[in-house]
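Student: Please take a close look at a single part of this model. Show me what surrounds that part, and then set it in the wider fold.
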Amino acid sequence: MASFATSNVVVLYFVVLVSWIHFNAEARRLGGSVPESDQTQQPLLFQYHNGPLLTGNSSVNLIWYGNFKPSQRAIVSDFINSLASSKLVSPQPSVATWWKAMDKYYHLTNKSSSLVISLCSQILDDSYSLGKSLTNEQILQLASKGSQRNPINVVLTSADVAVEGFCSSRCGTHGSDSGSKLAYIWVGNSETQCPGHCAWPFHQPIYGPQNPPLVAPNNDVGLDGMVINLATLLAGTVTSPFGNGYYQGPKEGPMEAASACPGIYGKGAYPGYAGDLPVDATTGASYNAHGVNGRKYLLPALFDPSTSTCATPA
């Protein structure tokens, strides 16, 4: 089972911020003059804050809220199945090797074991039991429908569901409840609401350079965007489940294992450009990791705590 080395932490929320907020901020730092006050500020360091990481074996439970086709659910379930180290696929790079990079966080904290995750169950709520406009509290309520035995419960909301803060300030969240030892994630399908915010680079961005969007590897802009955000939040959940693990910046708005590398998917990435990526010769889709069942995915770079650099799968 996954273990938590704490028992007195209240529920915390973490945010996958809109990608282009980061891109534009970075562009201003690189392209504009630096205010005098900024010149004397110390850089924000990516640090370990002495809190627990998830370890051992943990089950991922998917809670599907709203209207999802079976083919859409398969994109996400295949991604979770692709993470398991026992399911290494060829050719490389693979989703499993991307996830294996997380071991560095455990080595630096002298943890005896890292986390092994596997897909456990899928719960369908296609009747919109809580309506089509959800609050943060209702997201936690949905997450609680999954297993309570040290899980990572993932709530996925369909394109016709509005969630508090969705699109305006976030594409998803992760949080935890130490009382029940529940770690949870929420990700929304942005295809019809804000694909320029939460499904870039598969859609042209709302702001910034208007480069042509990439072709989504599973031919679904909304779901392929969800995989990017789910991967980002999963990395944050594992390395800072209670908000006192690995992160950069303020605790209230931390940049975590993947969100510390916004918009970077391949070598040579810069604001508005995802990087040099492999392209499927048949579909023209861009990707950087192979998964089970012949899947291809685009996954975010992970911050390498041993080198203080962003490492991409390809």
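Tutor: Start with the assignment: helices (H or I, at least four residues) and strands (E, at least two) are DSSP runs, numbered from the N terminus. Ser82 lies in helix H3, so this helix is the part to examine. The model is predicted: local features need pLDDT of at least 70 and side-chain atom pairs count only at pLDDT 80 or more, while totals for chains, interfaces and linings use all residues. Residues are numbered from 1 along each chain as its sequence is written, and side-chain values use heavy atoms, with hydrogens and water left out.

Take the length of the helix. H3 covers residues 70-83, which makes 14 residues. At 1.5 Å a residue it should span 20 Å (the expected span is 1.5 Å times one less than the number of residues). The end C-alpha atoms of H3 are 20 Å apart, which agrees.

Now burial. Buried means under 20% relative accessible area, exposed over 50%, and partly exposed in between (1.4 Å probe, protein chains only). The buried residues of H3 are Gln72, Ile75, Val76, Ser77, Asp78, Phe79, Ile80, Ser82 and Leu83. They pack against S3, helix H4 (95-100), S4, S6, H8 and strand S12 (296-297). Contact here means heavy atoms within 4.5 Å.

Two residues of H3 show this packing. Ser82 has 2% relative accessibility, so it counts as buried. Setting aside residues up to four places away in sequence, Ser82 touches Val95, Ala96, Gly291, Val292 and Tyr297. With the same residues set aside, Leu83 touches Val95, Ala96, Trp98, Trp99, Ile117 and Leu234. Val95 and Ala96 thus appear in both sets.

Leu83 also belongs to the largest nonpolar core, which has 47 residues. Such a core is a set of buried Ala, Val, Leu, Ile, Met, Phe, Trp, Tyr and Cys residues joined through side-chain atoms within 4.5 Å. Phe79, Leu83, Tyr105, Ile152 and Leu299 have the most contacts inside it. Helix H8 (residues 221-239) gives the most to this core, with 9 residues. A second, separate core of 19 residues includes Ile63, Ala143, Tyr184 and Trp186.

Next, the strands that H3 packs against. Strand S3 covers residues 56-65, and 8 of its 10 residues are buried, so it is largely enclosed by the rest of the structure. Two strands pair if DSSP finds at least two bridges between them. S3 pairs with strand S4 (residues 115-125) in the parallel sense, over 9 bridges. The bridge partner of Ser59 in S4 is Ser118. S3 also runs parallel to strand S6 (residues 152-157), joined by 6 bridges. There, Trp64 stands opposite Leu156 in S6.

Ser118 leads back to the helix. It has 40% relative accessibility, so it counts as partly exposed. Outside its neighbours within four places in sequence, Ser118 is in contact with Ser58, Ser59, Val60 and Ile80. Ser118 and Leu83 are 35 residues apart in sequence, yet 7.7 Å apart in space, C-alpha to C-alpha.

Trp64 brings in the aromatic residues. Rings of Phe, Tyr and Trp (its six-membered ring) pair if their centres lie within 6.5 Å; planes under 30 degrees apart count as stacked, over 60 as edge-to-face and the rest as tilted. The whole structure holds 12 such pairs. Trp64 and Phe68 form an edge-to-face pair, 4.8 Å centre to centre with 65° between the planes. Trp64 and Phe68 are both buried. Trp200 and Tyr265 form a tilted pair, 6.2 Å centre to centre with 50° between the planes. That pair links distant parts of the chain, 65 residues apart. Tyr105 joins Phe46, Tyr48, Tyr246 and Phe303 in one aromatic cluster.

Last, the whole chain. It has 8 helices and 14 strands. Helix H6 (residues 136-143) is another mostly covered element, with 6 of its 8 residues buried. Ala143 is one of the buried residues of H6. Buried residues make up 53% of the 314 residues in the chain. Among contacts between residues at least 6 apart in sequence, 74% join residues at least 24 apart.
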